[in-house]
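Open the model in your viewer and keep the selection tool at hand. The tour goes from one selection to the next and says what is there at each stop.

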Amino acid sequence: MRGIGEEAVRRCDLFKSSPFSDETGALTRRFLTPAHRAAIAQLSAWMRDAGMSVRLDPAGTLVGRYEGTGPGPTLLIGSHIDTVRDAGAYDGTLGVMLGLGVIEHLHRTGRRFPFAIELLAFGDEEGSRFPASMLGSRALAGCTLDDPALTQDEAGTTLAEALRDFGLDPAAIARASRSRDEILLYFEPHIEQGPVLEAEGLAVGIVTGISAQTRLSVEVRGEANHAGTTPMPLRRDALAAAAEAMLALEAIARRRNIVGTVGAVQAFPGLGNVVPGRAVFTVDLRAPRAEARDAAEAEFRDALAAICAARGVSAKVTLHQRLAPCFCDEEAQALLAESLRDLGLRPFWLASGAGHDGMSVATLAPVAMLFIRCAKGISHNPAEAVMAADVEIAAQVMLAFLTRLAVHSRLSLG
Ligand code: GLV
Ligand code: MN
Ligand code: MN
């Protein structure tokens with residue numbers, strides 16, 4: 001029989017292609033698409049085989065429940081099954097497959113804990129279809145949500161339409177919210193998506209917290225005109241202004257030692273012989289501390305205004321998301337460290353620059369995360385890779401952690 005790690009990797013690899021990807025020859029599984037539906041169907045079958053009851057919550061999160069021996073709060077283990085475009089196979093999906101493998105192991109060996117365990121497969125962590133990310137975990141945590149009738153993907157489909165096509169009721173998303181006292185802890189295993197564990201020569205690490213994150217979109221309006229006849233000084237080129245603003249963002253992020261990214265740009269009308277009259281680009285700003293991120297955003301807005309004034313164009317900035325940093329629960333971090341020591345492993349702590357559903361869940365309940373080494377720190381790229389042996393170690397750490405949590409939760413429940 002395959003180990004838990006090997007099986008989790010095999011399942012992620014299976015999820016790389018049709019019907020679990022919306023693209024041929026690449027992995028793209030976005031929220032509420034046919035690939036998302038296929039992933040839910042396959043995962044539901046695996047969850048049932050692993051002794052779980054299964055439901056899809058009103059925000060499109062698949063929930064498998066493995067009952068405990070007693071009443072009381074539930075341990076949530078989760079991650080996401082949506083991907084960026086042309087993604088790697090392990091970002092998010094590995095955490096879900098690992099949770100599945102661990103519960104499958106408990107089921108096979110007839111083990112239950114005093115608490116029930118729910119395995120969550122969030123459908124929209126990346127925000128790769130609609131402008132804001134983490135819809136499932138925000139709904140679970142009872143955070144404010146955008147109006148589904150006003151939120152559109154790039155094809156003009158509204159979130160409300162996409163939810164309805166998927167069999168979900170847009171008016172009911174908020175019903176996915178949970179109460180604080182039903183949750184013992186949210187635990188997320190995830191690939192590191194950075195180079196630190198590899199440099200340390202370690203399979204897994206304990207996450208201390210997650211960087212604050214802001215998502216904006218910027219629309220610059222100038223004047224479309226003829227590329228051959230409009231002298232350079234008389235142009236109001238929206239794309240040239242946007243380009244200058246993008247370089248300003250890069251300089252601000254470098255100087256402040258944080259990260260700032262423009263990941264998508266569009267120019268209109270988008271023809272080689274027309275001076276662009278309109279340009280739209282995204283901004284992603286992150287820093288471990290909210291103050292540093294907010295100061296960079298303010299500086300960027302000032303720089304953008306100055307660039308627009310100098311070039312005779314205007315800009316509109318839309319805020320899609322401003323997520324607070326997340327601090328992982330200290331008691332859970334200590335339990336994880338003990339679990340690592342139980343297995344003869346060296347505990348090692350690191351922070352996350354990538355965003356995770358835990359950021360939203362942390363506004364409601366304690367959060368813990370375990371990172372798994374990934375090759376060369378590469379992620380959001382089809383070259384993303386993990387070693388099955390590391391995933392197996394993560395599975396063993398999770399089993400040790402569950403055992404410790406059972407004792408700890410009994411003690412703290414008094
Ligand atoms: C998700 O992977 C993010 O960090 O944006
Ligand atoms: Mn992820
Ligand atoms: Mn990601």
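A residue counts as buried when its relative accessible area is under 20%, and as exposed when that area is over 50%. The structure on screen is a predicted model. With the cut-off in mind, start at a cysteine.

**Stop 1: the cysteines**

Select Cys308. Its relative accessible area is 6%, so Cys308 is buried. Now select Cys328, which is also buried because its relative accessible area is 4%. Cys328 takes part in no disulfide: the nearest cysteine sulfur belongs to Cys326 and is 4.6 Å away. A disulfide requires two cysteine sulfur atoms within 2.5 Å. By this rule, the count of disulfides is zero.

**Stop 2: the manganese ion, ligand 2**

Select ligand 2, a manganese ion, and show the side chains that coordinate it. Which residues are they? They are His80 through NE2, Asp91 through OD and His190 through NE2, at 2.0 to 2.3 Å. Along the chain, the donors of this manganese ion (ligand 2) have the spacing H-x10-D-x98-H. His80 and Asp91 bring distant parts of the chain together: His80 sits in strand β3 (residues 74–80), while Asp91 is 11 residues away in the loop between β3 and α3 (93–108). Both His80 and Asp91 are buried. For Asp91 the relative accessibility is 5%, which is why Asp91 counts as buried.

**Stop 3: the manganese ion, ligand 3**

Keep Asp91 selected and add ligand 3, another manganese ion. How far apart are the manganese ions, ligand 2 and ligand 3? They lie 3.6 Å apart, and Asp91 bridges them. The protein donors of ligand 3 are an OD atom of Asp91, OE atoms of Glu126 (listed twice) and NE2 of His380, at 2.0 to 2.6 Å from the ion. Their spacing along the chain is D-x34-E-x253-H. Asp91 and Glu126 are 35 residues apart and again link distant parts of the chain, with Glu126 in the loop between β4 (117–122) and α4 (135–140). Is Glu126 buried or exposed? Glu126 has a relative accessible area of 8% and is therefore buried.

**Stop 4: ligand 1**

Select ligand 1 and the residues around it: Glu125, Glu126, Arg215, Arg286, Ala354, Gly355 and His380. By type, this shell has four charged residues, two polar ones and one nonpolar one. Glu126 and His380, which appear in this shell, were also among the donors of ligand 3.

Three distances can be checked here:

- From the side chain of Glu126, an N or O atom is 3.0 Å from an oxygen atom of ligand 1.
- From the side chain of Arg286, a polar atom is 2.7 Å from an oxygen atom of ligand 1.
- From the backbone of Gly355, a polar atom is 2.6 Å from an oxygen atom of ligand 1.

On its own, ligand 1 has 190 Å² of accessible area, and the protein covers 95% of it.

**Stop 5: two helices**

Go to helix α2 (residues 34–49) and select Ser44. A polar atom in the side chain of Ser44 is 2.6 Å from the backbone oxygen of Ile40. Ser44 has a relative accessibility of 8%, so Ser44 counts as buried.

Next select Met97 in helix α3. Its relative accessibility is 0%, and Met97 therefore counts as buried. Add Gly5: Met97 and Gly5 are 92 residues apart in sequence, yet their C-alpha atoms are 9.0 Å apart.

**Stop 6: the loops**

Select Gly228 in the loop between β8 (225–226) and α7 (238–256). Gly228 counts as exposed because its relative accessibility is 64%. Its C-alpha atom is 49 Å from that of Pro170, which is 58 residues away along the chain.

Two peptide bonds come next. The bond joining Ser18 and Pro19 is cis, with omega about 5°, and Pro19 lies in the loop between α1 (4–14) and α2. The bond from Phe268 to Pro269 is cis too, with omega near 5°; look for Pro269 in the loop between β10 (265–268) and β11 (274–275).

Finish with backbone angles. Asn257 is not a glycine but has a positive phi, near 60°, and it sits in the loop between α7 and β9 (259–261). Lys376 likewise has a positive phi, near 55°, in the loop between β16 (367–372) and α11 (388–413). Asn257 counts as exposed because its relative accessibility is 70%, and Lys376 counts as exposed because its value is 66%.

Technical notes
Residues are numbered from 1 along each chain as its sequence is written. Chains are lettered from A and ligands numbered from 1 in the order in which they are written. This is a predicted model: local features need pLDDT of at least 70, side-chain atom pairs count only at pLDDT 80 or more; totals for chains, interfaces and linings use all residues. Side-chain values use heavy atoms; hydrogens and water are left out. A residue is near a molecule or strand if one of its heavy atoms lies within 4 Å of it. A polar contact is a pair of N or O atoms within 3.5 Å; within protein, one must be able to donate a hydrogen and the other to accept it, and residues adjacent in sequence count only if both atoms are side-chain atoms. Accessible areas come from the Shrake-Rupley method with a 1.4 Å probe; for residues, only the protein chains shown count as cover. Ala, Val, Leu, Ile, Met, Phe, Trp, Tyr, Cys and Pro count as nonpolar, Asp, Glu, Lys and Arg as charged, and the others, Gly among them, as polar. Donors are N, O and S atoms within 2.8 Å of the metal (3.2 Å for Na, K and Ca); water is not among the atoms, so sites may look incomplete. Helices (H or I, at least four residues) and strands (E, at least two) are DSSP runs, numbered from the N terminus. Buried means under 20% relative accessible area, exposed over 50%, partly exposed in between (1.4 Å probe, protein chains only).
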